[in-house]
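Visitor: Would you please choose a single part of this structure, examine it closely, and then place it in the context of the whole chain? I should value the reasoning as well as the result.

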Amino acid sequence: MKPVEVDVGVERHASQVVRNAAIAGWSGHLSIVRLSYPEPMPPSPHAADGLRLMAVHAHPDDESSKGAASTARYVAEGVSVMVVTCTGGERGDVLNPKLADNVEIAANLVEIRRQEMDRAREILGVEQRWLGFVDSGYLEDYRVDDRDELPAGCFARESMDDAVRPLVGLIREFRPQVITTYDENGGYPHPDHIMCHDVSVAAFDAAADGSVFPEQGTPWQALKLYYHHGFHKERFQALHAGMLDAGLESPFGQWLDEWVDRPEDEDRITTWVPCGDFFGVRDDALRAHATQIDDEGWWFGVPREVQQRVWPTEEFERARSMIDVQLPEDDLFAGIR
Ligand SMILES: [Zn+2]
């Protein structure tokens, strides 16, 4: 299952987990890591030089709100994880009501968001790179046909060639077996999320094709491409029921009553990754993006124990696989290690 090189990585990442635990005010995390995973097995040829996961995201904070607990789990297992952040989040609003009126934050938002990203990167134990594009800003009911209405020079208005090129370079440098991104709707219709999807899918193929962007390094074929699918009704129904069972007021009642069914969301899920032990790391990474979250908001009102009991997984759709692995899966690296 894991090659010798990865075992060395486990030791390295174990100390990172201890640091994370200290940051998070936890104890006993390391023993969970040690007890939770089986003894190393002989490596498969796909993983001969270690396992690598690349998570491509649109803005700083997306890496902490989508798939963050699975990221933390893989890091704890010794997988090398690179988060790629397409834009600097320059047009994000300050969403934390406690900081919303702070003129100093508003004037220095770009730098502050970089510092927040640094902190989240440390907490998650990942490597992180910026693609250097400029946030397109949110446009209500955005469709790709509306891109000319977006600010000049923003990410969603870049040519596909210019947008894909640097990601191809990073894929060829990092050589991930697995890449994650958003579905074609972006998870929600932010122009940068939809662009992130388009660019990731194109780069998955282009990185393997030596005739494309030859100056960007030696071709590399990633084996699997996944889309995040955390925002679906079944999960929120379970959390709602879990809150009521615990005798707590659920923040989801009215929301679920008004939910517009998109059954295809649940039908698209192929892969459930168990990661409940890492929800605390996820929450701390999210809190590191202090300007972008309300830490007294509804999400943090759902006790972690309830989440761990009723929905201890993160969900993904396997969009591409270059290897034959049966569905459903419980591991993004199924068939690779
Ligand atoms: Zn975003």
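Guide: Let us begin with D141. In this predicted model, D141 has 6 C-beta neighbours inside 10 Å and therefore counts as exposed, the limit for that class being 12 or fewer. The residue belongs to the loop that runs between β3 (127–133) and α7 (160–174). Its phi is near 55°, a positive value in a residue other than glycine.

R175 offers a comparison at the other end of α7. This residue sits in the loop between α7 and β4 (178–181), and its phi, too, is a positive value near 55° in a residue other than glycine. R175 has 18 other C-beta atoms within 10 Å, so it is classed as partly exposed. D141, by contrast, is classed as exposed.

The neighbourhood of α7 leads on to strand β1 (residues 52–57), which contains L53. The C-alpha atoms of L53 and F174 are 9.0 Å apart, although 121 residues separate them along the chain. L53 has 26 C-beta neighbours inside 10 Å and therefore counts as buried. Leaving aside residues up to four places away in sequence, L53 touches Y74, V79, V81, P176, V178 and L332.

Among the helices, α8 (residues 191–206) has 16 residues and extends 22 Å from its first C-alpha to its last, close to the 22 Å expected at 1.5 Å a residue. This helix is mostly covered, with 13 of its 16 residues buried.

Helix α9 (residues 233–245) can be tested in a like manner: its 13 residues should span 18 Å at 1.5 Å a residue, and the end C-alpha atoms do lie 18 Å apart, so expectation and model agree. R235, L239, G242 and M243 are buried in α9. These residues cover an arc of only 100° around the axis, and therefore they lie on the same side of α9. The buried residues of this helix pack against α13 (304–310). Just after α9, G247 adopts a positive phi of about 75°.

A helix pair deserves equal attention. Helix α6 (residues 109–124) packs with helix α12 (residues 279–288) at an angle of about 170°, and their axes are 8 Å apart. The two helices are therefore roughly antiparallel, since angles over 145 degrees fall in that class. On the α6 side the contact is made by E116, R119, A120, I123 and L124, and on the α12 side by V281, D284, A285 and A288.

One further backbone feature concerns P328, which is found in the segment after β7 (313–321). The peptide bond joining L327 and P328 is cis, with omega about -5°.

Finally, the chain as a whole. The protein chain has 13 helices and seven strands, and buried residues make up 43% of its 337 residues. Of the contacts with a separation of 6 or more, 80% come from residues 24 or more positions apart. The average pLDDT is 87, and 87% of the residues score at least 70. Residues 1–41 call for caution in reading, as pLDDT stays under 50 over them; the model has 57 contacts beyond four places in sequence for this stretch.

Key. Residues numbered from 1 in each chain as written. Predicted model: local features only at pLDDT ≥ 70, side-chain atom pairs only at ≥ 80, totals over all residues. Helix = DSSP H or I, 4+ residues; strand = E, 2+ residues; numbered from the N terminus. Buried ≥ 20, exposed ≤ 12 C-beta atoms within 10 Å, placed from the backbone. Expected span 1.5 Å × (residues − 1). Arc of directions from axis to C-beta. Contact = placed C-beta atoms within 7 Å. pLDDT = per-residue confidence, 0-100. Axes fitted to C-alpha atoms, helices over the stretch in contact; angles between N-to-C directions. Parallel < 35°, antiparallel > 145°, perpendicular 65-115°, else oblique.
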